[in-house]
Amino acid sequence: MSVTKITPPASLDTTGTASSSTFLRGDNAWAAAGVDMESAYAGVLEANATFVDQAIFGPSVDGKSWNGKWSVASLYSSLMLVTIEDAGADTQVNIWDLTEVSSSAPSTTPLGTVTLSGDATPTSVAACMGYIIVGSEDGISIIDPHSGSWAERTAGWPRSLSTSTTPALTDNDVVEVAAGFSDQPTYDPRTGGDMPCFILQYGTGADIAALLKDDGSFYNKAGTVGNKGVGIMSGMPIWTDNDAGNRIRNGPPISAITADDWSDLERIMATNDRPSGYAADNGISVGNSSTCSLTVASNSGLFLSYGLVGSVHGTGNEQPGVKITRSINSGIQPPDARGCWLGNSKTVDHGSLANTLTENGTVTEAAVESGAELNGYSGWSASNYLSSASDTDWNSIGTGSGYLSVWMKSSGNTGHSWLHGFGNTGGTLQFAIHLTAGGLAYFSDDGATQNVGDSGGPVLDDGVWHKIDCVRISSAERYVYVDGVLHVSGTTDAGSVSGTVPWRIGYGPTGTYAADAITLSLARFSGTAPSAAQIRQWYDVEKPMFAANAECLLQSSSTDAVLDVDVDPLTGKVLVTQTDAITIFDGLAVDSKPTVNAGASEKGKLWGDLRSEQNDTNAYVTAPAVDQRQVNEMVRGLASDLPKGVDLSKAKAWLKMNGTGTISISASYNIKSITDNGTGNYEVVFSTPFKSNNYVMVGSTIELGIVTVNAESTSLPGQVRIKTFTASSGAALDAEPIMVAFFGELENE
C-alpha cells in the first residue's frame with residue numbers, strides 16, 4: 001500500500017479558497033482539499049502587562065453559534081478565551097477565538113471587545129454557555145453574544161448587579177466569580193441548552209458569597225471573609241470562609257437553596273482541622289468529582305481534593321486531600337486522618353493532628369525509584385524504627401471503624417514482618433499491617449474478644465511497589481485490598497481495640513521488625529472506613545509517583561507559592577502556575593513542565609492539550625495538532641439525543657433477602673452486607689454509597705408486614721436500617737422474603 005502525504009493549504013475561507021485566516025469548519029471544504037489534520041500552533045495573543053484574569057469556555061453542542069459569525073451558517077461554535085485587563089478607569093474584556101489561526105499562530109484580533117465603563121479594578125472572570133461574568137470593585141458584569149453581538153447584559157436574567165440594582169449586592173467589592181450548572185438546570189431558550197448559575201465572593205461586608213440562580217433568584221451567604229475562591233461543583237456551591245480557620249465548604253444542591261444564608265453541608269479543606277490543607281490565598285479551581293474535584297492555590301503550596309463531593313465522610317464530614325510543596329507530597333489524607341507519615345519525611349505527620357514520630361536509631365531515606373522525587377524508608381531492625389507513644393487519636397478505636405494504608409516494596413523477605421500500626425507490649429492488642437513470611441498482606445485486628453488475622457491476595461515479595469489498604473468497618477467486618485483490588489474479607493469478631501498502644505512503623509511490639517528487604521512509603525491511619533471506589537481512586541492517583549524519574553513536587557526553583565490552579569475539564573489534569581514554573585499534574589505525579597513564555601507567570605488554563613498562559617508580559621496560547629475527523633465525530637455524538645446526567649429513573653441498589661433464622665441474601669445489586677440487629681431489624685450496607693442520605697427506598701414483604709426506614713439517625717449514605725413489622729399490630733416481625741429497592745445518586749456518579 002502506498003501512502004501519499006498531503007500538505008494542507010495555508011488557509012481556506014468559507015468558500016474553500018485561500019485567505020489569511022482559517023476557521024474550524026462544518027462544511028466539506030477541508031475534506032475536499034484532502035485535509036484531516038489541524039496543525040499545532042502557538043503564539044502571543046497580545047503583549048500587555050495589565051491582564052488580570054482569564055477563562056476558557058468551550059463550544060456549544062446545540063448548534064448555536066457563540067463566536068459572532070452568524071453569517072457563516074457552516075461554522076461550528078468556537079473554543080474561546082476571555083481575558084480581562086485593567087484599563088485605568090475602565091475594564092476591558094476581550095473574547096478570543098482559539099480556533100481562528102493565521103499561519104501557525106492564533107489570531108491576534110479579538111473576536112469581540114467590551115469596555116465596562118467605570119469598573120476601575122477588575123478582579124476575576126468566569127464563563128459558561130457563552131455567558132461571561134466579570135467581578136470588580138463595582139460589583140459584577142454579565143456579558144454575552146446571544147442578542148447578536150458581544151455586549152453587557154443590563155436587562156433580563158442574568159444581568160449585571162451592584163449595590164444599586166435590584167436585586168442588590170451586599171457590597172460592590174467582588175473578589176472572585178465562578179459559573180456552572182445547578183443540579184437541576186433551567187432551560188435557556190437563548191442557547192437551546194441549560195442556563196448556568198453564577199456565584200460570587202465578597203471582599204468586604206457581612207456576607208461572604210452570593211448565588212445567582214438560573215431561575216432568576218438571588219441569595220447571599222453570611223460569613224467571615226478572608227480567603228479567596230468560589231465555585232460550582234456537582235450542582236452545589238463551593239466557597240471559602242474564615243469563620244473557624246481557613247476553610248473550604250460546599251452547600252446543598254442549588255435547587256434546594258431558597259433563602260439567604262444557605263446551610264453548610266461539608267468541609268472540603270481546613271488549615272486547622274482535617275483534612276489539613278493550605279489557605280486559599282490565590283483562589284481555587286473546581287473540577288470533576290470523579291477525578292480531582294478541587295484545587296487550592298496557596299502561598300504555602302498546593303492542595304488537591306480527591307473527594308466525591310456530596311457524600312458524607314468522617315466525623316467532621318471532611319474530604320480526602322493532598323498537600324504538595326517543593327519538599328513534601330503528603331499522599332492522600334483520608335477522611336478523619338489521624339496520621340499521615342512517610343511523605344518525604346521520616347517523622348512528620350502531614351495531617352492536622354501533628355502526631356510526630358520519633359526516629360529510633362537510623363532509618364534509611366532514599367528515592368522510591370531511581371531519579372524519583374518521592375522517598376521510601378528502609379533499614380528496619382529492632383533498633384532502627386519509627387514510633388510514637390500511646391495517643392487517644394488511635395488507642396480507643398473500640399469496636400468502631402479504622403483504616404490503615406501503606407505502600408511497600410519487598411524483595412527477598414524471609415520472615416514475618418511488621419509494617420505499620422499500633423499494639424501493646426507482647427502484641428496481645430494490635431491493629432496493624434504485616435507481611436507474612438510467604439509475602440502475603442496480613443491484617444492484624446487483635447481485640448479484647450479474639451486475636452484475628454486476615455491474609456491473602458497476591459505474593460508481594462517481588463521487588464515491585466504495592467499498596468496495601470486494610471479497612472475495618474466494625475470489630476466483625478474487615479477487608480484487605482492490594483493495589484486497589486479487594487482480595488480478603490473477614491467477619492470474625494475481634495472485639496474492642498482500646499488500651500495503651502504505641503504506634504510503630506518498621507518494628508512491632510512482639511519483636512518482629514520489617515526485613516531489610518522491605519521499603520515503605522506513605523503510611524496512613526484514619527478513624528473511618530473508605531469505600532471500595534475511594535480505595536481504587538486513591539491507588540490510581542498515587543501509583544505514578546512510584547516510577548523511575550517520577551516528579552511529584554512543586555517545580556519552582558525559588559518558592560512554594562502557587563499563584564493559580566486550573567483543573568482541565570476534559571482530562572482532570574491540574575495546571576499549576578508559579579512565578580517561575582508551569583507544571584501539569586496527572587494524579588499526584590508531574591505530567592509535563594511547559595516553559596514560561598515570557599516574564600513571570602500569573603495565570604493559566606487547560607482545555608485538553610490546549611493551554612493558555614497569562615504572564616506579566618503577554619497572553620499566550622499553545623495548541624496541539626488535531627485530527628479534525630475525530631473531532632467532528634465527537635461533536636456529532638454529543639449532539640445526538642443521548643441521556644444526560646445521572647439517571648435517577650433506575651434503582652441504584654436492590655435486595656431480596658430472607659429475614660428469618662440465619663438471614664441470607666437471595667439476590668441483590670450494590671449490597672455489600674446485611675446485619676441482623678434483632679427481630680425485624682436489619683442493617684443494610686451498600687457496596688457503593690449514595691452521595692447523601694437523600695435517597696428513596698421502597699419495599700414490601702409477602703407476609704403480613706411492611707418495610708419502613710428509620711429516618712432518625714441510621715439512614716446514611718453508606719447504610720440504612722430497615723424494619724419489618726405486622727400491619728395489624730405493629731409488632732416486629734422476621735419476614736421472608738423482604739424486597740427493597742433504592743433510588744438516588746451514588747457517590748461515584
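# A walk through a strand-rich model

Start by selecting residues 230–233 and 266–270, the edge strands E19 and E22. Along with E20 and E21 they make an open sheet of four strands, ordered E19-E20-E21-E22 and paired antiparallel. E19 and E22 each pair on one side only. If you look across the sheet, neighbouring strands are turned by 20 degrees against each other on average, ignoring direction. Keep in mind as you click around that this is a predicted model.

Now zoom in on the middle of that sheet. Select 236–241 for strand E20 and 247–250 for strand E21: the two run antiparallel and are joined by four bridges. For a single pair to look at, pick Trp-239, whose bridge partner in E21 is Arg-249.

**Zoom out**

Show the whole chain as a cartoon. You should find three helices and 59 strands. The protein has 749 residues, and 55% of them count as buried. Switch on a surface and you are looking at about 27,500 Å² exposed, with carbon and sulfur atoms supplying 49% of it. Contacts reach across the sequence too: among those with a separation of 6 or more, 58% are between residues 24 or more positions apart.

**Strand E43**

Next, select residues 518–526, which is strand E43. How many of its nine residues are buried? Nine of the nine are, so E43 is largely enclosed by the rest of the structure.

Colour its partners next. Strand E27, residues 337–341, pairs with E43 in the antiparallel sense over four bridges. Ala-337 is a good marker here, with Ser-526 as its bridge partner in E43. Then add strand E33, residues 402–410, which also runs antiparallel to E43 and is joined to it by seven bridges. In this pairing, Trp-407 has Ser-521 of E43 as its bridge partner.

**The largest nonpolar core**

Stay where you are and show side chains for Trp-380, Leu-419, Phe-422, Trp-503, Ile-505 and Leu-520. These touch the most other members of the largest nonpolar core, which has 38 residues. Which strand gives the largest share of this core? That would be E43, with four residues.

Centre the view on Leu-520. Leaving out neighbours within four places in sequence, Leu-520 is in contact with Leu-342, Gly-376, Tyr-377, Trp-380, Val-406, Trp-407, Met-408, Leu-419, Trp-465 and Ile-505. Apart from this core lies another, of 36 residues; to find it, select Tyr-306, Tyr-479, Val-574 and Phe-585, which are among its members.

**Helix H2**

For a change from strands, select helix H2, residues 532–542. Its buried residues are Gln-534, Ile-535, Gln-537, Trp-538, Tyr-539, Val-541 and Glu-542. An α-helix has 3.6 residues a turn, so residues three or four places apart point the same way. What covers the buried residues of H2? The cover includes E33 and E43 from the earlier stops, plus strand E38 (466–474) and strand E39 (477–482).

**Two cysteines**

Pick Cys-470 and check its surroundings: at 0% relative accessibility, Cys-470 counts as buried. Then jump to Cys-292, which counts as buried because its relative accessibility is 1%, under the 20% cut-off. If you go hunting for disulfides, the count comes to zero, going by cysteine sulfur atoms within 2.5 Å.

**A glycine in E8**

Now select Gly-112, found in strand E8, which covers residues 112–116. Is Gly-112 buried or exposed? With 10% relative accessibility, Gly-112 counts as buried. Setting aside residues up to four places away in sequence, Gly-112 touches Val-93, Asn-94, Ile-95 and Trp-150. Try a C-alpha to C-alpha distance between Gly-112 and Asn-94: they are 5.9 Å apart in space and 18 residues apart in sequence.

**Last stop: another open sheet**

Finish with the four-stranded open sheet ordered E2-E50-E49-E48, where the pairing is antiparallel. Select 41–47 for strand E2 and 601–607 for strand E48; these stand at the edges with a single partner strand each, so one side of each has no neighbour in the sheet. Neighbouring strands here are turned by 15 degrees against each other on average, direction ignored.

Between the edges, select 610–615 for strand E49 and 618–623 for strand E50. Four bridges join these two antiparallel strands. Gln-614 makes a handy place to stop, with Ala-619 as its bridge partner in E50.

Technical notes:
Residues numbered from 1 in each chain as written. Predicted model: local features only at pLDDT ≥ 70, side-chain atom pairs only at ≥ 80, totals over all residues. Heavy atoms only, no water. Pairing = 2+ DSSP bridges. Axes fitted to C-alpha atoms, helices over the stretch in contact; angles between N-to-C directions. Buried < 20%, exposed > 50% of the residue type's maximum accessible area, 1.4 Å probe, protein only. Contact = heavy atoms within 4.5 Å. Areas by Shrake-Rupley, 256 points an atom, 1.4 Å probe, with all protein chains shown as cover. Core = buried A, V, L, I, M, F, W, Y, C linked by side-chain atoms within 4.5 Å.
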